[in-house]
Amino acid sequence: MTTAPARTDLYPTRGVGEVTTPRQDPVVWSAPGAPGPIAAEELTGFERDGFLTVDQLIGPDEVALYRAELERLTTDPAVRADERSIIEPMSQDVRSVFEVHRISEIFAGLVRDERVVGRARQILGSDVYVHQSRINVKPGFGASGFYWHSDFETWHAEDGLPNMRAVSVSIALTENFDTNGGLMIMPGSHRIFLGCAGETPEDNYKRSLQMQDAGTPSHAALTEMADEHGIKLFTGGPGSATWFDCNCMHGSGDNITPYPRSNVFIVFNSVENEAVEPFAAPAPRPGFIGARDFTPVR
Ligand code: 6CS
Ligand code: FE
């Protein structure tokens, strides 16, 4: 009987109980002084906090272009019926559409933009590919938020990313007020990996993208992290962007205001960190959520 070769799991998770592991990977992978759009002091801040913000990553005309594309996609019945679309359980509005960098030439152009992919290459110190992209509509009057989680915990457990060598960018397409369900991050939380308790159910993604359960930290762990690191709420105008490390503890609240909080969210992974078999799930998630095409962004 052949057995699968033993492999190292640096970040155990989804076992019987919660287990914390200190980060084993660099945060910024490029050498100090490596060329790129991010200034040295900004990169130092990213290393320390796990995030950096750009007040105006794209201009108003570009925001208008991407908002129109978001409207087109989220009102297209064929897109709505596609498995790439996640529907809000209460309102039945479209909550997210995945893999927009492949189904939309306009979002494909955003991914290749040097202001975007150049920052990812600088942080990850290599060529990069898109592990996941999505537009989040987060309409007003009740869109639900995302509970506290580390993205890497899911991408390691369910998508098979071995190391913490991925970075996300959330680009605001509407005003992110302090009231309409903005992104919250615990600064510095990226330096500890919180392995969550509880096995991954079959086809977990069919529920977790509406309401995450597996991979959810305990109240005690979250309280300890929040006491140690604090919580930062991100606000910003359309065109602003937040870059954050794959292992930041983050979440967002519901949006009960009349004002949508729409963004485009792109996850870059290093080509040196290609997805392998999941570390804690019965099967990998579909490619539109966790890419299996590792072609570098050009
Ligand atoms: O499971 C995922 O991959 C997605 N879920 C959340 C809440 N954040 C990261 C990612 O988009
Ligand atoms: Fe997330």
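A residue counts as buried here when its relative accessible area is under 20%. Cys248 sits at 0% relative accessibility, so it falls on the buried side of that cut-off. Cys246 also comes out at 0%, and is therefore buried too. Keep in mind that this is a predicted model.

What about disulfides? A disulfide is a covalent bond between the sulfur atoms of two cysteines. The cut-off for calling one is a pair of cysteine sulfur atoms within 2.5 Å. For Cys246, the closest cysteine sulfur belongs to Cys248 and lies 8.1 Å away, so the gap is too wide for a bond. Looking from the other end, the sulfur closest to that of Cys248 is in Cys246, again at 8.1 Å and too far for a bond. The tally by this rule is zero disulfides.

On to the sheet. Seven strands make up an open sheet with antiparallel pairing, in the order 2-11-7-13-5-4-3. Strand 2 (51-54) and strand 3 (85-87) form the edges, each pairing on one side only. From one strand to the next, the twist averages 15°. Within this sheet order, strand 5 (residues 128-136) and strand 13 (residues 263-270) run antiparallel and are joined by eight bridges. One residue pairing to look for is Tyr129, whose bridge partner in strand 13 is Asn269.

Two helices come up against these strands. Helix 5 (residues 105-112) lies across strand 5, strand 7 (166-172) and strand 13, at about 50° to strand 13. Helix 6 (residues 114-124) packs on the sheet and touches strand 2, strand 5, strand 7, strand 11 (241-245) and strand 13, its direction making about 40° with that of strand 13.

Notes. Residues numbered from 1 in each chain as written. Chains lettered and ligands numbered in written order. Predicted model: local features only at pLDDT ≥ 70, side-chain atom pairs only at ≥ 80, totals over all residues. Heavy atoms only, no water. Pairing = 2+ DSSP bridges. Helix = DSSP H or I, 4+ residues; strand = E, 2+ residues; numbered from the N terminus. Axes fitted to C-alpha atoms, helices over the stretch in contact; angles between N-to-C directions. Contact = heavy atoms within 4.5 Å. Buried < 20%, exposed > 50% of the residue type's maximum accessible area, 1.4 Å probe, protein only.
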